[in-house]
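Ready for some practice in reading a protein model? Take a pencil, work through each task yourself, and then compare your steps with the solution.

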Amino acid sequence: MDFRFSCSSIPGIFFLSAVLLCPNLNMEGAEMLPELRENFQNPPVDCWPHTRWWWMGSAVTKEEITWELEEMHAKGIGGVEQISMEAVYTKGNIPFLSDEFFEMIRHTVAEAKRLGMEVSFNFSGPGWVIGCPDVPQEDRSKSLVSTFLDLEGPQTFSGNLPTTLYPGHPYWEVRMSEVPESGALEAVVAGKLVEGRIEESSLVILTPQCDGRRITWQVPEGKWRLMAFWLIYTGQGHALDHFSEAAMRRYCESFGGRFYKAVGEEFGKTVDSLFCDSFEVALAPNGLYWSNDLFDRFEKMKGYELTRYLPAIWWDIGELTPRIRYDVNEFLHEVGLNTFFKPFLEWCEAHNVRGRIQPYGFTTDIIEGAGMTHIPEMEITAGEKDAAPWFDTRIGPKKLVSSGAHLYGRNIITVEAYTYLHWEPFRATLEELKIASDIFLRTGANKFYNQGYTFSPERAPAPTRAFNAAIWISHPNIWWRYYPLLSKYVARCCYLLRQGHFAPDIAVYSPLANQWTQSALNARRWNRDFDWGELGKLLVANGYDFDLINDDILQNSAQVADGKIIVRDLEYKILILPNIQSLPLKTMEFVRNYVRNGGVVIALERVPECSVGLIGREEGDRRVKEIVAEMFKEPGGMNDTAPNRYGDGWTYQIKQVIDRTDILDRRSSALDPFVNTMRKHVPPDFGINFALEGLRENDGLTFVHRKWDGADLYFVTNIQDRTSNIPVTFRVKDAVPWRWNPYTSEISRMFQYREVPDGTEIPLHLAPYESTFVLFQSSEEERHVEHSNFDEILEIGGESIRGAARENGKHLAILKDGSKETLVAADIDDIPAPFTVTGEWKMMLEGGGFSRVEKRVTVLRSWTEDAETEAFSGTGVYEVAFELPETYKQPDLHLELDLGKVGNVAEVELNGTPVGIQWMRGQRLNVTDTLKAGLNQMTVHVTNTLINRMSHLKEPPPVPEELVPHFGQGSMTAYGMPIGFRPLPASGLMGPVMIHAAKEIVVSIR
């Protein structure tokens, strides 16, 4: 698909690092792959952002389907993920899975095919939890729940079994106070209470003594807990039983079969995937995911009968508690893979389409689930809900999914992008979406599904008739026409980040087995509840990337060679054990073998102490302790790393790395014992000389590295609100760097760099939140500049160097040609100072139900500082005339326009000619050819966000009259609005507006 035609109205943009003239596009001497270059400039349709397309009540029409698909296509959206939800209109709603519904599905696929777009279908509905109204009762989701009654013995107890349910994690539990009449009694167990703990040796099965829901029992002396365990339907709508293979296969044939019957000829063509969202399967209060035949399956898999030990799932029964919990969790992991993942993915394969799954919130290991999935998907947005930082290094679902994809060989990693960037979906700016995109890209995503686009026949924003969690990347948004700026950027990035393979240094052992010993009731929180501290930031900010590595890979797939853990194309040079108490013996044996053969293991906070599981626990514990005692030393002080030579490798135990609750436990990057231990064995892949640069730490300059034969590709992004002007050492040698610009698709040779012991050092100049690609290609040494105070070296010719400067003074460069170094110099004294555009501005605001405001202003201020304009959402127009002195129109000067502060997108015309769009801070527009000496006329169109208008609404906007006959009025179940939101973000043009000059100079090489 070629979106260039639809984006041609958006002028080119210049960033701070790219503004100094046209990049050198001479490819001579560089083996640039023509296909790589062509697809970077015009990415395939699969690389363009796709979008979740919410059909509220499936109140859709063929005409509107066509119009919205054409809108998406025109703005650079390459495909849709159709999902049906509850109604927001009182009329026009099409019954889900009806003949009329599938008529709309057929029309969607036909129109997408005509436009060259892709279609994915949510594999459930209405809603995203797997299931549909036709799921029979016996196939619906179930929970194993516990009830209890404390009794004092000795006595004869004859009465009803306890049925009261107590909530455990109310956030994801169905409200229910009693075991329903339909609940099936699975077991009754009693145990003696001693100091708040159930004595394991006292556990007794009482199920045979029950008569229906009554029991007669001779309670022994002491305090006893009578516990009943029930299998009940959760009552979560039509959610499917995820732990019944037969139910899942029936569902695939029934639900999936209808879509295949409707549009199956396009499966694997226009229909590229079927989608399962994150496993937001509700539980009964304090319940456990379960199904009908799992007790028998547990005994066959684990070698013992579970019934007697059921209390350990809910209560402490002593030293066996973590063993039972681990076994139950591992069992449910295996069951989940075999009863949900496998049937769904096999059905997809049999019908020529790929399965796409968000593999978290379930009982299965996220890493293995991602690896099993045809297309694994991540989410969790940087900066989410105005709480998480933009430089988001949290270790969670994003990293678990990408790690699984890397380890198991899944190259495409999709992302549900931007969900809950803010609580208020109308606030998001294109700049914010770009920043969040960069963190997704850095973490491994390479195909975006926007969240999203609400199907809406209304052209104006109707906040109560759209999906509440969705960022409005759709036609009612006032910045929608500028979205191609972001979609083109994302498409180019996604294309390049699919090339070759990920190149990490560090394997961080996944703590899942450790977490499984602690609880069997919080599957949605196993990984999120692990305290990672600042480990993610310590690694990434110091130039190391990593994968989380699981037991399955270490035990069954990984190899050891040359002191590295090898998994397919991946080579891990250091293994980190992050505060692990329990792990499988087989994994511990792999760790020992790895170190013996030259590997490096760093244990953080503690060393492992025990094995997992009930069977063979004594021998497992003994062997784990024995291996650990051989391998590790105990740190002797705060900064002691406890190095220990073991075999051909090294082990370390370092404390105060994850646990840095005391502020004095923190260290600057140059002095950090943990970081320096890594540096001792592996130099950073993206190195910063913190001491030389006077930095304590890196607050946002980050990267991702991919490589293939003869090439190393780095995506570099500056996730911070300031310009970064520091040299970075890329761990690549004997290669020539090229800059690939994802904003403009331009490719240029980088002429200034130098070889250093750990790689190639390049002075990077990145504006706030700017990003770029640096591609190294193996090459014989070419002439280049090693040191320079020019702002940029533009070209090295046969007898001269062409450079650019922004400031007057002496400019020097050292040219390296083999072993020969040549100093070149130039004096520059005629660059004029920055010119400030002043005068009277004519400002006009109109549109979106807002009465026209026209003012003349000399001081540029935010619209929100004036009660008359604070509620305006739309595009304001500024016009000004100014005189530019002749000194700025020298032939070798290049002029760039800096609009200063803008809220949020500014489109500029100079003397009637479009010159560009500023949509991110730090951008400057090239105005060399459009400015003239003397009088100039400038017009700036500034578009803000919808939050200004939405926050001032007093009531939901009515459905437009022309739509009422078909759609009726707004439903009473509509979503809420952010009425009265404060503080409003800055809007409009705030300046100062300035023109900067840069001089191009050619210096002879003597």
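The exercises below deal with a predicted model, and each one is followed by a worked solution.

**Exercise 1. Find where Gln653 sits, decide whether Gln653 is buried or exposed, and list what Gln653 touches.**

Step 1: Start with the place in the chain. Gln653 belongs to strand E25, which covers residues 649-654.

Step 2: Now look at the accessible area. Gln653 has a relative accessible area of 3%. Buried means under 20%, so Gln653 is buried.

Step 3: Look for contacts, leaving out residues up to four places away in sequence. The residues that Gln653 touches include Ala603, Glu605, Arg606, Lys633 and Asp640.

Step 4: Check Lys633 again. Its backbone oxygen lies 2.9 Å from a polar atom of the Gln653 side chain.

**Exercise 2. Work out which parts of the chain the salt bridge between Arg442 and Asp545 ties together.**

Step 1: Recall the idea. Side chains of opposite charge can pair when their charged atoms come close.

Step 2: Check the distance. From N to O, the side chains of Arg442 and Asp545 are 3.1 Å apart, and they meet in a salt bridge.

Step 3: Place both residues. Arg442 is part of helix H11 (residues 430-443), while Asp545 is in the loop between helix H14 (535-540) and strand E18 (546-549), so the pair ties together parts that are 103 residues apart in sequence.

Step 4: Add the accessibility. Arg442 is buried at 6%, and Asp545 is buried at 1%.

**Exercise 3. Do the same for Glu870 and Arg982, and say whether each one is buried or partly exposed.**

Step 1: Glu870 and Arg982 form a salt bridge, with their closest N and O atoms 3.3 Å apart.

Step 2: Glu870 lies in the loop between E42 and E43, and Arg982 in the loop between helix H21 (964-967) and strand E50 (988-991), so this pair ties together parts 112 residues apart in sequence.

Step 3: With a relative accessible area of 18%, Glu870 is buried. Arg982, at 47%, counts as partly exposed.

Step 4: To finish, put salt bridges in a wider setting. The count for the model comes to 74, and one network links Asp46, Glu118, Asp272, Arg354, Lys447 and Arg498.

**Exercise 4. Which strands stand at the edges of the sheet with the order E26-E29-E33-E32?**

Step 1: Read the order. This is an open sheet of four strands with antiparallel pairing.

Step 2: Find the strands with a single partner. They are E26 (686-687) and E32 (754-756), so one side of each is left without a neighbour in the sheet.

Step 3: Look at one pairing inside the order. Strand E29 (residues 724-730) and strand E33 (residues 759-766) pair in the antiparallel sense over seven bridges. Val728 stands opposite Ile762 in E33.

**Exercise 5. Decide how the rings of Trp290 and Phe331 are arranged.**

Step 1: The structure holds 63 aromatic pairs. In this one, the ring centres of Trp290 and Phe331 are 6.0 Å apart and their planes meet at 50°, so the pair is tilted.

Step 2: Trp290 is in the loop between strand E11 (288-289) and helix H6 (294-302), and Phe331 is in helix H8 (residues 321-350), 41 residues apart.

Step 3: Trp290 is buried at 0% relative accessible area, and Phe331 is also buried at 0%.

Definitions and conventions
Residues numbered from 1 in each chain as written. Predicted model: local features only at pLDDT ≥ 70, side-chain atom pairs only at ≥ 80, totals over all residues. Heavy atoms only, no water. Helix = DSSP H or I, 4+ residues; strand = E, 2+ residues; numbered from the N terminus. Buried < 20%, exposed > 50% of the residue type's maximum accessible area, 1.4 Å probe, protein only. Polar contact = N/O pair within 3.5 Å; in protein donor to acceptor, adjacent residues only side chain to side chain. Contact = heavy atoms within 4.5 Å. Salt bridge = Lys/Arg side-chain N within 4 Å of Asp/Glu carboxyl O. Pairing = 2+ DSSP bridges. Phe/Tyr/Trp six-rings, centres within 6.5 Å; stacked < 30°, edge-to-face > 60°.
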